[in-house]
Structure formats: C-alpha cells, structure tokens
Amino acid sequence: MENNVTRTFNKLAQRNEKALIGYVVGGYPTLELSREIIEQLILSGVDIVEIGVPFSDPMADGPIIQEAFVRTLNCGIAPKDCLNLVKSVRERHKETPLLLMTYSNILYSNGLDKFLIRSKNCDLDGFIVPDLNFEEADDYLKETSKLDLATVFLTSPNTSAERLEKIAALSTGFVYMVSVFGITGSRNKFERYTFEAVSRSKAIVSSYGKHLAVGFGISNAKDGRRMIESGADGIIIGSSLINIITKNEHDKNKMMSELDIFVKELKAVCKFPN
C-alpha cells in the first residue's frame with residue numbers, strides 16, 4: 001500500500017531522481033530555529049525529513065548528534081515538543097514526508113498506543129527506530145499498520161540475505177541501510193564493502209518492491225554519488241547538517257545560506273544519478 005513516504009520515492013523515480021533525506025535534531029538549537037531549519041531544508045531540496053527525538057542514551061549516534069541531544073535535553077525539549085514541531089512544519093508543507101527517528105524507550109515509556117495516536121494526530125508519516133528489531137516489534141507493527149504510519153527498519157553491511165528479506169517485507173516506508181560498522185558521523189572514506197553491500201541490498205529490497213536509502217557517514221556530494229551509483233534509491237544526511245547548524249548557531253543568515261548551498265549540492269547528485 002502506498003503511503004506518503006513511498007509515494008515520494010515513486011514520484012522521484014518517475015523523474016529519474018533519487019531521494020535526499022535530511023536529519024535534524026528536534027528543537028536544536030531552539031524550537032523556533034529548528035522549525036525554520038526544517039523549512040529551509042525543504043525549500044533547498046530535501047525530499048524527506050527525519051526529526052531526531054533527543055534521547056539520553058543514543059547508542060546509534062556519534063558525538064556530533066550526541067552533543068546536540070545533550071544541549072537540547074538540557075533546554076527541556078521533550079518528545080511532545082518534537083511532535084508539536086512536526087505539526088507546525090506540516091501546516092506549511094503538506095506533502096513532504098516527516099519521520100521521527102527515535103529509540104524504543106521513547107515509544108514504550110510514553111505508552112506505545114498513546115504515543116503513536118498522538119503522532120498520527122500531529123500528521124507524522126512514520127518512524128525510524130534504530131534499536132527495535134523486527135523480532136520484538138509485533139505490537140509496534142500492529143499499531144503502526146492500524147494508523148497507517150510508515151515503518152523503517154535498519155540493516156547493516158553484514159545483514160544476511162535471509163534477514164534482509166524479512167526486513168524488506170516488513171518495512172513500509174523504506175529500508176535504511178547503515179553504510180558502515182559503527183555510529184553516525186562523517187567518514188574520511190568508505191571501504192569497498194559498503195558499496196558491495198549497497199548493491200547486494202538493493203537487489204533484495206527491490207525484489208520486494210521497496211526502496212533502499214543509505215545513511216551514516218555521508219558528508220559530501222562525492223559520497224552521495226557513489227552510494228547512488230551502487231544502487232541506493234536515496235541518501236541520508238545528518239551529522240554534516242548538524243555541523244553547519246552548530247557552527248553558525250549565532251548567525252542565522254549564514255546558517256541558512258550554508259545549509260542551502262550544501263543541500264543543493266547533494267540534491268544535484270540525486271537528480272542526475274546516471
């Protein structure tokens with residue numbers, strides 16, 4: 001069944017484009033500026049927005065995002081603030097898919113049913129939950145399916161073909177391939193195993209009619225192009241965006257200008273994949 005996330009991938013494919021997915025930390029550096037940053041990313045060319053919910057033990061995230069989480073938590077930003085942020089962005093951007101990237105503790109400690117219903121009421125499109133395995137996700141899958149919230153499961157370069165098939169079958173947004181063994185953050189270079197894994201994963205994921213996006217470590221247009229050339233349907237940029245935001249947090253105009261330039265460079269790669 002098509003949802004807002006898959007609809008976006010399909011529309012892009014009709015134009016021979018790949019998806020550019022941008023990650024931001026909800027409420028960083030402030031709630032109001034966070035909303036303006038998301039709007040800038042969309043205007044500059046980001047196709048799908050991931051909003052990271054600040055969390056005290058983000059095992060999948062590197063130091064750049066961890067520091068943003070700490071600062072945001074110290075300012076009192078809570079999951080409900082991130083949902084209100086979604087609602088605020090949605091008022092002006094009706095079609096751009098908005099996903100929450102969060103940890104299972106946030107979902108379950110707030111009451112799974114209650115949190116998912118509230119997310120739906122804020123016009124969220126779905127979730128990425130890095131520490132939730134599909135073997136333990138029956139109740140989550142049941143509720144997200146009932147509410148038509150997209151699910152995105154993660155894979156790594158060494159995920160077996162059998163497991164990848166199960167993940168592809170259960171994911172209703174896209175399959176998120178972590179490009180490296182480790183946490184988020186820019187990399188100086190990628191090893192051959194990453195590109196071989198992208199190609200292998202793409203073949204399996206596409207056989208289930210699903211899309212594959214690659215994230216973790218992509219910091220420039222050259223990296224993005226190599227992921228796309230290896231078969232990715234989308235690329236995910238996170239830490240590099242947070243870097244720009246942090247570096248320019250006291251100069252909003254410069255921040256927005258640098259975000260605009262960076263996003264347009266990445267989107268140009270997505271528009272000419274061949």
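User: Why is strand 1 called largely enclosed by the rest of the structure?

Analyst: This is a predicted model. In it, 7 of the 7 residues of strand 1 are buried, so the strand is largely enclosed by the rest of the structure. Buried means under 20% relative accessible area.

User: How do you know that both faces of strand 1 are covered?

Analyst: Look at each side in turn. Ala 19, Ile 21, Tyr 23 and Val 25 are buried on one side. Leu 20, Gly 22 and Val 24 are buried on the other.

User: Which strands pair with strand 1, and what makes them count as paired?

Analyst: Two strands pair if there are at least two bridges between them. Strand 1 and strand 9 have 4 bridges, in the parallel sense. One position to look at is Gly 22, which stands opposite Ile 237 in strand 9. Strand 1 and strand 2 have 5 bridges, again parallel. There, Val 25 stands opposite Gly 52 in strand 2.

User: What is the order of the strands in the sheet?

Analyst: The open sheet has 9 strands, in the order 5-4-3-2-1-9-8-7-6. Their pairing is parallel.

User: What makes strand 5 and strand 6 the edge strands?

Analyst: Each of them pairs on one side only. Strand 5 covers residues 150–152, and strand 6 covers 154–155.

User: How do you know that strand 2 and strand 3 pair?

Analyst: Set the bridge count against the cut-off of at least two. Strand 2 (residues 48–52) and strand 3 (residues 98–101) have 4 bridges, so they pair, in the parallel sense. Val 49 stands opposite Leu 98 in strand 3.

User: What joins strand 8 to strand 7 and to strand 9?

Analyst: Bridges do. Strand 7 (residues 175–178) and strand 8 run parallel, joined by 4 bridges. Met 177 has Val 214 in strand 8 as its bridge partner. Strand 8 and strand 9 (residues 234–237) also run parallel, with 2 bridges. Ala 213 has Gly 234 in strand 9 as its bridge partner. The cut-off is at least two, so 2 bridges are enough for a pair.

User: Are the faces of strand 8 covered or uncovered?

Analyst: Both are covered. Leu 212 and Val 214 are buried on one side, Ala 213 and Gly 215 on the other.

User: Why are helix 10 and helix 12 called roughly parallel?

Analyst: Take the angle. The axes of helix 10 (residues 221–229) and helix 12 (residues 252–271) cross at roughly 25 degrees. Angles under 35 degrees count as roughly parallel, so the name fits. The axes come within 9 Å, and the crossing is right-handed.

User: Which residues make that contact?

Analyst: Helix 10 brings Ala 221, Gly 224, Arg 225 and Ile 228. Helix 12 brings Glu 265, Leu 266, Val 269 and Cys 270. By class, the contact of helix 10 with helix 12 has 5 nonpolar, 1 polar and 2 charged residues.

User: What makes helix 6 roughly parallel to helix 7?

Analyst: Helix 6 and helix 7 (residues 138–147) pack at about 30 degrees, their axes 10 Å apart. That angle is under 35 degrees, so helix 6 is roughly parallel to helix 7. The crossing is right-handed.

User: Which residues meet there?

Analyst: Leu 112, Asp 113, Leu 116, Ile 117 and Lys 120 come from helix 6. They meet Asp 139, Tyr 140, Glu 143, Thr 144 and Leu 147 of helix 7. The contact of helix 6 with helix 7 divides into 5 nonpolar, 1 polar and 4 charged residues.

User: Why does Asn 16 count as partly exposed?

Analyst: The partly exposed range lies between 20% and 50%. Asn 16 has 40% relative accessibility, so it falls in that range. Asn 16 lies in the loop between helix 1 (4–14) and strand 1. Its phi is near 60 degrees, a positive value in a residue other than glycine.

User: Why does Asp 123 count as partly exposed?

Analyst: Its relative accessibility is 42%, so Asp 123 also sits between the two cut-offs. Asp 123 is in the loop between helix 6 (112–121) and strand 4 (126–128). It is not a glycine, yet its phi is positive, about 70 degrees.

User: What makes the peptide bond from Tyr 28 to Pro 29 cis?

Analyst: Omega is near 0 degrees. Pro 29 is in the loop between strand 1 (19–25) and helix 2 (31–44).

Terms used
Residues are numbered from 1 along each chain as its sequence is written. This is a predicted model: local features need pLDDT of at least 70, side-chain atom pairs count only at pLDDT 80 or more; totals for chains, interfaces and linings use all residues. Side-chain values use heavy atoms; hydrogens and water are left out. Axes are lines fitted to C-alpha atoms, for helices over the stretch in contact, and angles run from 0 to 180 degrees between N-to-C directions. Angles under 35 degrees count as roughly parallel, over 145 as roughly antiparallel, 65 to 115 as roughly perpendicular and the rest as oblique. A crossing is left-handed if the near helix is turned anticlockwise from the far one by less than a right angle, and right-handed if clockwise. Contact means heavy atoms within 4.5 Å. Ala, Val, Leu, Ile, Met, Phe, Trp, Tyr, Cys and Pro count as nonpolar, Asp, Glu, Lys and Arg as charged, and the others, Gly among them, as polar. Buried means under 20% relative accessible area, exposed over 50%, partly exposed in between (1.4 Å probe, protein chains only).
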